[in-house]
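Reader: I should like to learn how the features of a protein model are read, from the overall fold down to single residues. Might we proceed step by step?

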Amino acid sequence: MSISPLQDARAAYQPKLPAVFANRDGAFSTSQGEPTQSVADQVKIKAKFAHTYGLPELTFVPGEKGDSDVLKAGVILSGGQAPGGHNVIAGLYDGLKDLNPVSELYGFRGGPSGLLDNDHVLFTDGMIDAYRNTGGFDIIGSGRTKLESEEQFAQVAANCGELGINAVVVIGGDDSNTNACLLAEYFCREAIDIQVIGCPKTIDGDLKNDHIATSFGFDTATKVYSELIGNIQRDANSAKKYWHFVKLMGRSASHIGLECALKTHPNVAIISEEIAAKASTLQDVVTYLADIVCQRAAIGKNFGVALIPEGLIEFIPAIKALIAELNDLLADNAVYFETLDTDDDRLQFVNSHLSAATSQAFSSLPMTIQLQLMADRDPHGNVQVSKIETEKLLVEMVESRLQEWKAKGKYTGKFAAQTHFFGYEGRCAAPSNFDADYCYGLGYTAAALISSGVTGYMSCLQGLTKPAAEWRAGGVPLTMMMNVERRKGHDHPVIKKALVETDSPAFKEFAANRDKWAMDDDYQYPGPIQYFGPSEVCDLTTVTLAIEANQ
């Protein structure tokens, strides 16, 4: 396989480890915290996870080197891609081998389905070395199959038993690690001697809490998007004739949009959680955007850049209620809905079954958006927000508003718009130095958790704005992050998503500067990710983490 000069140079990069693992000799022990409880819905979560609830938080500390048993672990990549996944596997592999050179790591192809089909590969030094510090999940691929039934859990146990595997590592987001939690509970309840460890993955940044500072891939993805946004801002400031509406990946939270705004200083950045907090309508959002366009035109600036979060439409209260009702309606009538042949039939069915308020909200949307809202659901039964062209909807509605204002003499400028959606561009980039180190450390920590004999934990590194040697390694119980959410019309225990908090230091920093950015063209141009050079350029964490660490 041919590789680029950059790949060749990156292959030689040795990720940095926390000091407790730096000697790579297994001389560490665990320090236990107090028993924990779930972040919400404690009674329901405890009842669902009777065997894994209340576990203590763990921290690795220096200890005496002991003889480690031969460990056999399996690993899957689950859900969407995120930069650094290969380094998690490399760190896990190296950690297992450092503990005992005879230990083995199996990779299951295609995500959770590989566990069910026993489609596996035994990793070797050569295979791991070929993927160190590279982007993507192509070493074994990923998938979105959900592990949620006892039949599936039993099949996983049988397949692992056939290979002699005594631990499974799930590299995934909140839903994937929810499945890991269910699997760990099943193994404990059935007295099956297989550990389950999770690793926090998602570029969306919504798998974070007081213990998980960030999910891996977020740093790299936001740096990739910010480079592109900076390039667009430079172009906008050069041509001075286009408004660029940029939709950014992140369905359930606006962490990507907020981080990119802090990195690049666009003229407008919409934060979905603020829209929800203010109970803003779609018309309110359009008026806000149009007003900034109008103000800039008044000083001769008929150009600008606006960042739009992918999940915005779900945070507008009236639309959120509509989507929730649609999700339940289509889940309960899925078979019948599939028999409807035309868009008119589907529209008529939906409108006749919605409540008065949601039907009004549905009817107020352009037909293109109505059809997108009725499209196929994701595996969790929810509308696929990434397929809703929110950026084009806003351009259309802003343009109409400006035409109204022009007729009244309020607006005299020119409005020409370009739309963009940055999503897949950032999911498989070569990881930044931060993500290369963070992911490798997460994998190595997962190996340490396996050697400690625990199950139902997520690998955890803390103190991430400090040098990697000062990071604290440990594990957080998966049940500690759980709450109950509505899925497909029913309550389900899931790891709680972290939304942008409008009273957080990062949001306050954005809010304090956005009026200035709206008018002054205080654009920042981050440029491409730097892998080689001074630490202050190459090892930067996200702006969000830096701001939070200084509070």
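**From the chain to single residues**

Author: Of the 551 residues of the protein chain, 57% count as buried. The model is a predicted one, and its secondary structure comprises 22 helices and 16 strands. The radius of gyration is 24 Å, close to the 24 Å that the globule rule gives for 551 residues, so the chain is as compact as a globular protein of that length.

Reader: What does the C-alpha trace span along its principal axes?

Author: The spans of the C-alpha trace are about 80 × 60 × 50 Å. The surface may be read beside them: the protein chain exposes about 22200 Å², and carbon and sulfur atoms supply 49% of that area.

Reader: How are contacts and charges read for the whole chain?

Author: Contacts may be sorted by separation along the sequence. Among the contacts of the protein chain with a separation of 6 or more, residues 24 or more positions apart account for 78%. For charges, one compares mean positions: those of the 47 positive and 69 negative charges are 5 Å apart.

Reader: Which residues touch the most other members of the largest nonpolar core?

Author: They are Ile89 and Phe123, in a core of 115 residues. Helix α19 (residues 433-451) gives the most to this core, with 11 residues. Apart from this core lies another, of 49 residues, among them Val285, Ile308, Leu322 and Ile323.

Reader: Which residues does Ile89 touch, not counting those up to four places away in sequence?

Author: On that count, the partners of Ile89 are Val75, Leu77, Leu105, Phe123, Ile128, Ile139, Ile140 and Ile171.

Reader: How should I read a residue within a helix, such as Ile232 in α8?

Author: One takes location, accessibility and contacts in turn. Helix α8 covers residues 218-239 and holds Ile232. Because its relative accessibility is 10%, and buried means under 20%, Ile232 counts as buried. Leaving aside residues up to four places away in sequence, Ile232 touches His244, Val246, Val305, His420 and Phe422. Ile232 and His244 are 12 residues apart along the chain, and their C-alpha atoms are separated by 7.7 Å.

Reader: Is Asn483 buried or exposed, and where is its place?

Author: Asn483 counts as buried, at 8% relative accessibility. Its place is in strand β15, residues 482-487. Beyond residues up to four places away in sequence, Asn483 touches Val39, Ala40, Asp41 and Ile45, and also His492, Pro493, Val494, Ile495 and Lys496.

Reader: What is the general expectation for the sign of phi?

Author: Most residues other than glycine have a negative phi. In this model, Ala191 has a positive phi of about 55° although it is not a glycine. Asp521, likewise not a glycine, also has a positive phi of about 55°.

Reader: Where do Ala191 and Asp521 lie?

Author: Ala191 lies in the loop between α7 (174-189) and β8 (195-200). Asp521 has its place in the loop between α20 (505-520) and α21 (535-538).

Reader: Why is Ala191 classed as exposed, and how is Asp521 classed?

Author: Ala191 has a relative accessible area of 70%, and exposed means over 50%, so Ala191 is exposed. Asp521, by contrast, is buried, because its relative accessible area is 17%.

Conventions
Residues are numbered from 1 along each chain as its sequence is written. This is a predicted model: local features need pLDDT of at least 70, side-chain atom pairs count only at pLDDT 80 or more; totals for chains, interfaces and linings use all residues. Side-chain values use heavy atoms; hydrogens and water are left out. Helices (H or I, at least four residues) and strands (E, at least two) are DSSP runs, numbered from the N terminus. The radius of gyration is taken over C-alpha atoms; the globule rule is 2.2 Å times the number of residues to the power 0.38. Buried means under 20% relative accessible area, exposed over 50%, partly exposed in between (1.4 Å probe, protein chains only). Contact means heavy atoms within 4.5 Å. Accessible areas come from the Shrake-Rupley method with a 1.4 Å probe; for residues, only the protein chains shown count as cover. Lys and Arg count as positive and Asp and Glu as negative; His and the chain ends are not counted. The place of a charge is taken as NZ of Lys, CZ of Arg, CG of Asp or CD of Glu. A nonpolar core is a set of buried Ala, Val, Leu, Ile, Met, Phe, Trp, Tyr and Cys residues joined through side-chain atoms within 4.5 Å.
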